[in-house]
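I set out to look up the contacts between chains, the salt bridges and the unusual backbone geometry. My notes are kept in the order of the search.

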Amino acid sequence: MAFIDIRDVFKAFRTGAQSRAVLERVTLSVEQGEFVSIVGMMGCGKSTLLKIVAGLMRPDAGEVVVDGRPVTGVRSSAAIVFQNYSLLPWFSALENVRLAVGAAFPDWTRGDQLAQARRHLEAVGLGAALTRRPGQLSGGMRQRVAIARAFAIEPQLLFLDEPFGALDALTREALQQELARLCSVAERPVTTVMITNSVEEALLLSDRIVPMMPCGDAVGAASTLGASVDVALPRPRSAGDLMHDEQAARVRGHVVASLSESLQRSHRRRPSADASSSASETRLPVVGTRELTYTHAVSEP
Amino acid sequence: MRIKGAIGILLPATGIVMAAIVWAITSQYVPDLPSPIKTWQESKIYLLQPLEKRGEMDQGIALLAYYSLFRVGKGFLLGALIGTPLGLLLGLSRTLHRMFDPIIQVMRPISPLAWLPLGLVLFRKSEPAALFAIAVCSMWPTVINAAAGVKAIPQDYWNVAKVLRLSRLTTFRKIVLPATLPYLFTGYRLSLGIAWLVIVASEMLTGTPGVGGFLWQEYNSLIYAHILLAILTIGVVGFVLDRLMGLAETKLAFASRVTT
């Protein structure tokens, strides 16, 4: 059995008397030590899915099983990195990380907890900024603190919710490489689920990419997962190599095709489209598309 | 910069002089109202010997203000000690909030003059009755702000608590309290303002030494200049108190600076 088993998850949000389905028939298995990226457009329910998998939110139907046990809350061996850093502004970088270490290893001495926090902040290049508060750090540095906090608890499970979404392009690239390095040197295998809207980012970091898109034609239809694609590229990877790599182009093509097909469907709004045709076999010639921008997404109100 | 500084002093000074002129003119037409100069002449012994103790009520103005401040401090502290946890609890629990909010809304507008007799009935002595009135009148802004502060904690911080699996106590100490601190201090500032308002009423009714007691006694002795002295003292002390709390508030403003 897989390490993470997402089984037929359904989630709807209620606004007043109306209820809108966000996730429908979401099923996915992630093996131990695997790095899986879920790629989808903005507002398609990716974050909701991650919150459910991480145990921050309960699904309305279906279940998530991790390591043979159903998820009912955040597990002690799980770390989450959010897009907006989620650091406590009244504590220094060191204390933000120490707080996580203290909660994960309560029987360590305070000195040990501080040493662990310092070590992980140094690992992300923040050795000189230990005492600074989040308000005194740049966006990239704040996300470094958040990443250090995640790795400092020596997690078995790592959930990344668009971790680089709020960063500028250069910072983003540097941090992506850093994350890849941290994953590769971690003491025990880290099973990672990342949410992103960038296919390139997913290619750079993951073992497997799963597209996420609306499962119907209607405006505001719920989302589901498409067929996943393996990324069997050697590591370490670089953005430059990926640009010209043949396999990368094939994976990119597949993901983009899945996503853009659902886009076109909702553009045309055919009355009798197959509602569940998410697993697409079509491969559109999209070589050369490096970064997707989904500004014309019409599937969300 | 220098010109701006000069104007910063000059304009308020002009306002004060103008108010004094209006006071002086009014005193010409109202025979019982002492003029500013007469007020000064009759009051200067209190101001120039602020720490002199001549009798129970006949004391220097600083001593009288000190008695009042001490009483206000005790009452305010009592109110804060009850109001802070009560407010935080109401902020944390929707059930409790719905249970007690109507009571709070009804208690809030009750005047200190109404609480004081109840305090006298309950405690039979004027001093605890005064403290009771101060505490029960001044705690509501603390309660309401503490509750509002807890409710305003961004979901992000609750998520941090959940993700890090912080214990209830740690969540309270490391997240709820720091996040609510600026709100708490706004509440304290408002509460202290009310406590200072209540002191006069409670001293007047109970006849205890202090600025309010002094005011009432001088009214009864027909020394109207001292009434004005007491009124001005109350105003100035209240102003200084508010400024001091305001300073404490800005010092803590860093905590409310949400960095996302």
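The entries below record what I looked up in this predicted model.

**Entry 1. The interface**

I began with the contact between the two chains. I counted 19 residues of chain B in contact with 26 residues of chain A. The two chains bury about 2000 Å² between them, and 66% of that area is on carbon and sulfur atoms. I then searched for polar links and found 1 salt bridge across the interface of chain B and chain A. Glu95(A) and Lys174(B) form a salt bridge, with 3.4 Å between the closest N and O atoms. The search for residue pairs in polar contact across the interface of chain B and chain A returned 4, both residues being at pLDDT 80 or more. I next asked which elements of chain B give two or more residues to the side that touches chain A. They are helix 7 (155-163), helix 8 and helix 11 (253-256) of chain B. Helix 7 of chain B supplies the largest share of that side, 6 residues.

I also followed Lys174(B) further. Lys174(B) belongs to a network of salt bridges that links it with Glu95(A), Arg98(A) and Arg110(A).

**Entry 2. Salt bridges within the chains**

I searched the whole structure and obtained 17 salt bridges over all chains. I noted three of interest.

In chain A, I looked at Arg7(A) and Glu63(A), whose side chains meet in a salt bridge at 3.0 Å, N to O. Arg7(A) is in strand 1 (residues 4-15) and Glu63(A) in strand 4 (residues 61-66) of chain A, so that this pair, 56 residues apart, links distant parts of the chain. Arg7(A) counts as partly exposed because its relative accessibility is 31%. Glu63(A), at 32% relative accessibility, likewise counts as partly exposed.

I then turned to Arg208(A) and Glu34(A), whose side chains meet in a salt bridge at 2.7 Å, N to O. Arg208(A) lies in strand 9 (residues 208-214) of chain A and Glu34(A) in the loop between strand 2 (18-30) and strand 3 (35-40), so the pair ties together parts 174 residues apart in sequence. I recorded both Arg208(A) and Glu34(A) as buried.

In chain B, Glu203(B) forms a salt bridge with Arg71(B), and the closest N and O atoms are 2.5 Å apart. Glu203(B) is in helix 8 (residues 168-206) and Arg71(B) in helix 3 (residues 61-92) of chain B, 132 residues apart. Glu203(B) and Arg71(B) are both buried.

**Entry 3. Backbone geometry**

I checked the peptide bonds and noted that the one from Arg235(A) to Pro236(A) is cis, with omega near -5 degrees. Pro236(A) is placed in the loop between strand 11 (229-230) and helix 7 (239-244) of chain A.

I noted a positive phi of about 70 degrees at Tyr85(A), which is not a glycine. Tyr85(A) lies in the loop between strand 6 (78-81) and helix 2 (93-104) of chain A. Is Tyr85(A) buried or exposed? Tyr85(A) is buried, because its relative accessible area is 7% and the cut-off for buried is under 20%.

Arg124(B), also not a glycine, has a positive phi of about 65 degrees. I located Arg124(B) in the loop between helix 5 (112-123) and helix 6 (126-151) of chain B. Arg124(B) counts as exposed, with 72% relative accessibility.

**Entry 4. A surface patch**

Finally, I looked up a nonpolar patch on the surface, formed by Val17(B), Ile21(B), Ile25(B), Tyr29(B) and Val30(B), with about 510 Å² of accessible area together. Ile25(B) lies in helix 1 (residues 2-29) of chain B and, at 47% relative accessibility, counts as partly exposed.

Key. Residues are numbered from 1 along each chain as its sequence is written. Chains are lettered from A and ligands numbered from 1 in the order in which they are written. Side-chain values use heavy atoms; hydrogens and water are left out. Patches are made of residues with over 30% relative accessible area and no salt bridge: like charges are joined within 9 Å, nonpolar side chains (Val, Leu, Ile, Met, Phe, Trp, Tyr) within 5 Å. Accessible areas come from the Shrake-Rupley method with a 1.4 Å probe; for residues, only the protein chains shown count as cover. A salt bridge is a side-chain nitrogen of Lys or Arg within 4 Å of a carboxyl oxygen of Asp or Glu. Helices (H or I, at least four residues) and strands (E, at least two) are DSSP runs, numbered from the N terminus. Buried means under 20% relative accessible area, exposed over 50%, partly exposed in between (1.4 Å probe, protein chains only). Contact means heavy atoms within 4.5 Å. Buried area is the accessible area (1.4 Å probe) that two parts lose on being put together, summed over both. A polar contact is a pair of N or O atoms within 3.5 Å; within protein, one must be able to donate a hydrogen and the other to accept it, and residues adjacent in sequence count only if both atoms are side-chain atoms.
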